[in-house]
Amino acid sequence: MRAIPACLTLLCLTLGFAARAADTPAERLPGGATAYLELDDLAAAYEQLRASPLGEMLPNHPAVEAFATSPDGLKLRILRGMLYGATGQDAGSLLRSLVSDQAAVALYPGSRPGTPRWLAAVRARGDTIERLLLIGAIVFQWQRVDLVPASEGRAAVFGYGDKVFGFRDGDVWVLGSDRELVEQALRGPRRPLSRDPRIRAARARLPSAHTGFAFLDLEPFAARLAQVGKPPNIGAALLLGALAEQAPRAPWLALGAALEPADADLRLALSALIPTSRASRTAGEAFAGTLEPLPFDLGDRALGQLRLHRDVGALWSHRDDLIAEAGIPGLVTFETNFGVITGGMNLVEEFLPSLVGDVSIVATRASWGQGPAPLPRYPQAALLLRIREPAELAPRLAVGFQTLIGLVNANRSQNGQKPLLLGSETHDGVVVHSARFLAPTPAEMEGLRALPVRFNFSPAHAVVGEHLVLATAPDIVRELIDAHGTPPPETDAVNARLALRGSEVARTLEENREPLIAQNMLNEGNSREEAERAIGFVLDVARYIRGATLSHESLDGMARIDLQIGLGAPEP
Amino acid sequence: MSAGLEAWVPTRSQPWDEDAAAHLWRRAGFGATRPQLERALADTPAAAVRDLVTGPADDPACVELESIYPVLLAQANADALRSWLVARMIRCEHQLREKIALFWHGHFATSIAKVREPVWMSRQYGIFLERGLGRFAELLAAITRDPAMIRWLDNETNRKGQPNENFARELFELFTLGVGHYGEHDVSEAARAFTGWTVLADRFHFSVSSHDAGDKTVLGQTGPWSGDDVLRIALGQAACAEFLAGKLLRFFAHPDPPPELTRALADVLRDSDYDVGRTLEHLLRSRFFFDLRVRRGLVKSPVEYAVGAIRTLGVRAEPAELVPALREMGQDLLAPPNVAGWPGHTEWINTATWLTRVNTARGLAERLAHPASGEAGLERHSRALLGRELDARLRTELLRDEPLAADLAHGLLALPEAHLN
């Protein structure tokens, strides 16, 4: 007996939910769309961003103030003024009244290719939509016509010229370019777009679709996408992995976006999702799997990290299938030269089979202490490859490194360029081989306020634990030696990840303020003042970015790329 | 001094007007902005020429560009340095200094393709900027010691007992005397004088042990000559002044100057102890220079065309974007095609370079800072670019179909007249 009220309650809730679900703007849009966009609570996201430290900084920034007085800024102000005059609302209020709940828009095939029809549904408070339609009517000289009178339970359909049709049902407005579509929405579509199985499948796998969700049917573009070729070289193939093969064949693409609090900060999350057909055997061998833990914890020193789960040996074996034809001859040359440089080590028979696990590139900010530093000041980076039998391979790889530097020096000397001096050291029991440029001559330094750019590069090599390390400077090799230990656990089962640490990126950009200003003056033709303002804006915004992560994950039958950006107050 | 070098006096049929002032600025610089044109017209032609030669006391735009020069040197990026040179040509007020530097860059043609050191090339160009309007003897001495030049003409391998004649040959043929005013023996003897002139630690270095200190006979004079002596002997030849005068005339005035004019200008050069600034001042205020047959008598180089369009029409320029366009139009700064430099004049135009000019013009026309369409726009742009209004037929043709401001400007820039200096 006591269960009956519970059942009744449950039934009421379900009915209530069902009634509410049918009333959402998105439920009004019929199926058959080629593109679909849904915004949920965008106004709340906008308010969160406005209230954040970045949102508070932006309006008062000198660059933004300068833009406001520029010709483009003036046009924007005039537009805002017109909207205010017509609607009585500023931009924020307008946004809140238009998209405070849900807004959805879809594109449908038109009668001619390239001329799609659109349909939008939005829950809007007040008379904002009416006022906007009135502006449109005045500006574009539309004539308002009542097309379908209201009847019991149905709203009236109006038209503006033959451009915009629509109806209002309570606080839900439906507008579109095609009368037939609007009337379908009025009748209530039997199969709403939001219940399209593809869209449902996408939403289920897009955790970050709270604020925005978009869906694009790629079938109309299949012919064009089929022309997308293979990656042009091995670097691109390594980077793109299986996506190079899967993306052009994907039947649809879904995107999700969310802006949500994360502790004291805000997190912007964007995701892209495609269904994947069964990967080719070659791509599967070369690219399938997830990242393994990396036994180097650089902590606060890390500026960025790119990690790719790749079987380089399999990629090499299947290079004809996975890389464009134009990129193959270079690999043949590389294979020949590899043997020459390493004193006879066979790339295919000896080196590639020794590689295990992931390809990783880590970067840290170079520290120059009190001494002169080069301009621009580049971060230092290291490529890490896990290898089998490191003790056996280490000396042969060292020979290869030294030979390579020797060849580089021969070439540079022939061209009258500065050579590198080879050296080695032992750091915490690990031998580090490196090469550095000799100090610049006084004549070279005349008129310079910094070291020439080549001093960013002192190639270095070591075998640290089970990892072959090739670096742009010995400093980062020493840091890796010091950071070598028990790997932090991998929290995400992803195939590839790029992570950047905001504070280190911001500091790197700040160190390069002068080169960035010079580049802006020459690339954009700006005066020094304009360039300083533009670069200052970029540097100031960068300080508010905590970090960013881009990752690629394979789900069952789907591939997802996630971008997360953390926003917060600048670190001291 | 005559033959057309006497100072021009404006007349009613040939007044000191916009066309004349624009002609002066196109040749002595890269084109005048509206304020510069108005300032010139408010003065006499001689005063306007004087201003071009001496330059302004204050040049804030140039100072700004100088401020980023050390950063660019450290970067040692050739294209960035090229962009900087283009930015100077666009923004620096002392336009004749920029123009004469470009002239010397073509005269002492040195290419980064062989030198390989962007900083050396940049410093060489700095010599042209610093000394271009000064005494030729000092410029020549500086260039002879320039590391980029030494490497370019292989003087690093010019040693006692194994002389390399490249530099000595080009010194006579291309830098000072011209063909027919020296012999093979002069070249081989001069090469001995320059032995040991090399580069060490990025600087000019005179290697005593590599130098042939014996007697040489160069252009009829015998002695234990070193390089500086050879330069002195070359400058003392009558042919030197005529050779340089001819080159200055062909660059600034006329593709085929009358011989008597060349001789007259050579006299000015000689009498002023090879003072290039003073010589140019004579030329630029001369009756010959302002003759109507001389105006629009030279084909603009790619740099003159593009930078001229930017300055006269007021285009929001992006110097870095211009560099590849200039290359495609046939003028790759810091990389002249060979030791003879760029041939210039009608050699700038062929089917490929013409197409690139027109395409570049499109890009520039879309970035006008103050776009203007219709009759008023056409008048304003044509006066700025061409120094005159168009005839009725051309106006009608360009205004047909009511073109947008960018289309109008593009139409003007595509006119053959817009490619003439």
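Here are some notes on how chains A and B meet in this predicted model, and on a few salt bridges inside each chain.

1. Start with the interface. Chain A brings 32 residues to the contact and chain B brings 28 residues. Between them the two chains bury about 2400 Å², and 53% of that lies on carbon and sulfur atoms. If you want a short list on the chain A side, look at N415(A), A443(A) and L522(A): they supply 22% of the area that chain A buries against chain B, more than any other three residues.

2. On to the charged and polar pairs across the interface. There are 4 salt bridges between chain A and chain B. In one of these, the side chains of K418(A) and D202(B) come together with N and O 2.8 Å apart. The two chains also share 16 residue pairs in polar contact, counting pairs with both residues at pLDDT 80 or more.

3. Which helices of chain A each supply at least two residues of the side that touches chain B? They are helix 19 (442–445), helix 22 (513–524) and helix 23 (528–542). Helix 22 of chain A gives the most, with 7 residues. Sorted by class, this side of chain A has 14 nonpolar, 9 polar and 9 charged residues.

4. Over all chains, the whole structure holds 77 salt bridges. One to click on in chain A is R546(A) with D265(A), at 2.6 Å from N to O. R546(A) sits in strand 19 (residues 545–555) and D265(A) in strand 10 (residues 265–275), so this pair ties together parts of chain A that are 281 residues apart in sequence. R546(A) itself is partly exposed, because its relative accessible area is 29% and the partly exposed class runs between 20% and 50%.

5. Chain A also has a salt-bridge network, which links R365(A), R377(A), E504(A), R507(A) and E511(A).

6. Chain B has a long-range pair of its own: the side chains of D19(B) and R295(B) form a salt bridge (2.9 Å, N to O). D19(B) is in helix 1 (residues 18–28), while R295(B) is in the loop between helix 18 (287–290) and helix 19 (302–313) of chain B, 276 residues apart. Is R295(B) buried or exposed? It counts as buried, because its relative accessibility is 9% and the cut-off is under 20%.

7. Last one, also in chain B: R192(B) pairs with D212(B), with the closest N and O atoms 2.7 Å apart. R192(B) belongs to helix 13 (residues 184–193), and D212(B) to the loop between strand 2 (203–206) and strand 3 (216–218), 20 residues apart. Both R192(B) and D212(B) are buried.

How values were computed: Residues are numbered from 1 along each chain as its sequence is written. Chains are lettered from A and ligands numbered from 1 in the order in which they are written. This is a predicted model: local features need pLDDT of at least 70, side-chain atom pairs count only at pLDDT 80 or more; totals for chains, interfaces and linings use all residues. Side-chain values use heavy atoms; hydrogens and water are left out. Contact means heavy atoms within 4.5 Å. Buried area is the accessible area (1.4 Å probe) that two parts lose on being put together, summed over both. A polar contact is a pair of N or O atoms within 3.5 Å; within protein, one must be able to donate a hydrogen and the other to accept it, and residues adjacent in sequence count only if both atoms are side-chain atoms. Helices (H or I, at least four residues) and strands (E, at least two) are DSSP runs, numbered from the N terminus. Ala, Val, Leu, Ile, Met, Phe, Trp, Tyr, Cys and Pro count as nonpolar, Asp, Glu, Lys and Arg as charged, and the others, Gly among them, as polar. Buried means under 20% relative accessible area, exposed over 50%, partly exposed in between (1.4 Å probe, protein chains only).
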